[in-house]
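This report considers selected strands and helices of one protein model. Please consult the sequence and the structure while reading.

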Amino acid sequence: MEVESYRYRGTVTDGDTPRASLPPPLHPFAHRSIASCGAPRGVGAPTPPHTMDEYYLCALLFVYVVSTLTIPLWVPIVKRFTGDCGVFWVFSTLTYYAFLAWLVFAALLLFLLFHWPSLGSVWLCVLVGRVVNFARLRSRSPAELLSAHQLLSGISGPTPAAAEESGVAKGGDGGLGRVLLVGNGPSMKARQMGSFVDSFDTVVRFNSFVTAGMEEHTGSKTSLWCHMMQWYHTSSVDIRSRNHLPTCYAWNHVVLAPLFFVPNYLIPMLPPPNAMTWSVTTYWKAHRRLGLRLHQVPTTGFVMLMRLLETVERVHLVGFDGFAIGKELHYYQERRMHLQVNAAGALLHDWVAEQKGIQQLIDEGRVVLI
């Protein structure tokens with residue numbers, strides 16, 4: 001008997017008697033569609049494939065974090081082939097990209113919470129902890145830190161006359177006395193001001209400073225150290241003792257997103273009790289005071305000056321030279337890598353605007369330039 005098979009009609013017949021009813025064959029790609037979309041999510045269900053947008057997001061974040069954390073490695077390479085102009089444009093691009101970084105970090109966090117809830121939850125806890133620590137640190141004042149440090153160290157505070165001269169009310173906020181903010185300009189090594197520097201009640205220094213072996217010029221006293229917690233800043237600091245030194249953690253808007261999302265970046269996960277930072281309001285007040293553009297950042301020294309002026313009426317300055325590109329940056333000898341990194345970062349500062357801003361504060365009687 002001749003058997004006729006109608007594969008595409010769904011019926012196999014043996015003469016006139018239907019033997020079996022079969023579904024029509026599937027297109028080769030239909031199985032993949034069912035596996036990825038048709039099956040309900042749950043036990044035994046396949047995991048949806050990641051889209052290319054998610055991979056692009058991870059790659060974008062990876063490039064941002066790596067480029068931010070490895071500045072000392074790629075700056076010399078860019079400078080060698082493109083000069084200062086190329087470094088300026090790379091840094092400017094990173095500055096504008098810093099605003100996009102908020103969206104990138106947030107999107108990646110949501111992606112982890114959706115696909116890997118455990119990992120996403122850990123990162124969310126880190127973010128919440130960073131926000132809480134930042135709020136605590138910004139609420140502390142320099143006077144509060146130094147008052148606690150003096151009590152622990154057995155150091156006497158400023159005299160009432162010194163407190164009155166600095167503009168701090170008696171008994172108010174502990175008092176800083178006469179305040180000196182020491183810059184790192186090359187003029188420091190040309191002036192033998194060590195004893196004069198040490199005569200101030202509060203001496204604030206920032207970033208990579210050196211006092212060991214240079215006390216005749218720089219003095220040896222350090223009441224508060226303000227710095228960005230990056231290894232190429234802190235590793236080169238040479239002082240007699242920096243253990244338990246009151247610290248102000250510095251930051252700018254370029255690195256504010258990773259400060260919150262990246263553990264232990266710029267601010268420790270467990271900050272010491274004698275640490276502080278400036279608030280977002282203080283930072284943008286300094287930025288607006290100088291009239292800077294979005295791709296420019298105020299120096300650590302100028303933002304610290306604005307923070308001190310929120311506590312005292314008058315601050316003395318020394319070593320604020322306002323260096324220009326091509327001139328010596330600091331009073332101490334730097335390693336080549338540190339020199340290139342600092343020179344690259346200096347391209348984002350407006351030294352003319354900063355000198356004008358300081359002059360305005362001098363005219364207002366808030367700053368005394370030595």
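In this predicted model, strand β6 (residues 224-227) directs Leu 224 and Cys 226 one way and Trp 225 and His 227 the other way, and all of these residues are buried. In a regular strand, side chains alternate between the two faces of the sheet.

Strand β6 pairs with strand β5 (residues 202-206) and with strand β7 (residues 247-249). Trp 225 takes part in both pairings: its partner in the bridge to β5 is Arg 205, and its partner in β7 is Thr 247. The table sets out the two pairings.

| Strand pair | Bridges | Direction | A bridge pair |
|---|---|---|---|
| β5 and β6 | 3 bridges | parallel | Arg 205 and Trp 225 |
| β6 and β7 | 3 bridges | parallel | Trp 225 and Thr 247 |

The second topic is a pair of helices. Two packed helices are described by the angle and the distance between their axes. Helix α11 (residues 280-290) packs against helix α12 (residues 300-309) at an angle of about 115 degrees, and their axes lie 9 Å apart. The angle therefore makes α11 roughly perpendicular to α12. The crossing of α11 past α12 is right-handed.

On the α11 side, the contact is formed by Thr 282, Tyr 283, Lys 285, Ala 286, Arg 289 and Leu 290; on the α12 side, Phe 302, Val 303, Met 306 and Arg 307 contribute. The residues of this contact comprise 6 nonpolar, 1 polar and 3 charged.

Helix α12 is mostly covered, with 10 of its 10 residues buried. Among the buried residues of α12 are Phe 302, Val 303, Met 306 and Arg 307.

Note on methods: Residues are numbered from 1 along each chain as its sequence is written. This is a predicted model: local features need pLDDT of at least 70, side-chain atom pairs count only at pLDDT 80 or more; totals for chains, interfaces and linings use all residues. Side-chain values use heavy atoms; hydrogens and water are left out. Axes are lines fitted to C-alpha atoms, for helices over the stretch in contact, and angles run from 0 to 180 degrees between N-to-C directions. Helices (H or I, at least four residues) and strands (E, at least two) are DSSP runs, numbered from the N terminus. Angles under 35 degrees count as roughly parallel, over 145 as roughly antiparallel, 65 to 115 as roughly perpendicular and the rest as oblique. A crossing is left-handed if the near helix is turned anticlockwise from the far one by less than a right angle, and right-handed if clockwise. Contact means heavy atoms within 4.5 Å. Ala, Val, Leu, Ile, Met, Phe, Trp, Tyr, Cys and Pro count as nonpolar, Asp, Glu, Lys and Arg as charged, and the others, Gly among them, as polar. Buried means under 20% relative accessible area, exposed over 50%, partly exposed in between (1.4 Å probe, protein chains only). Two strands pair if DSSP finds at least two bridges between them.
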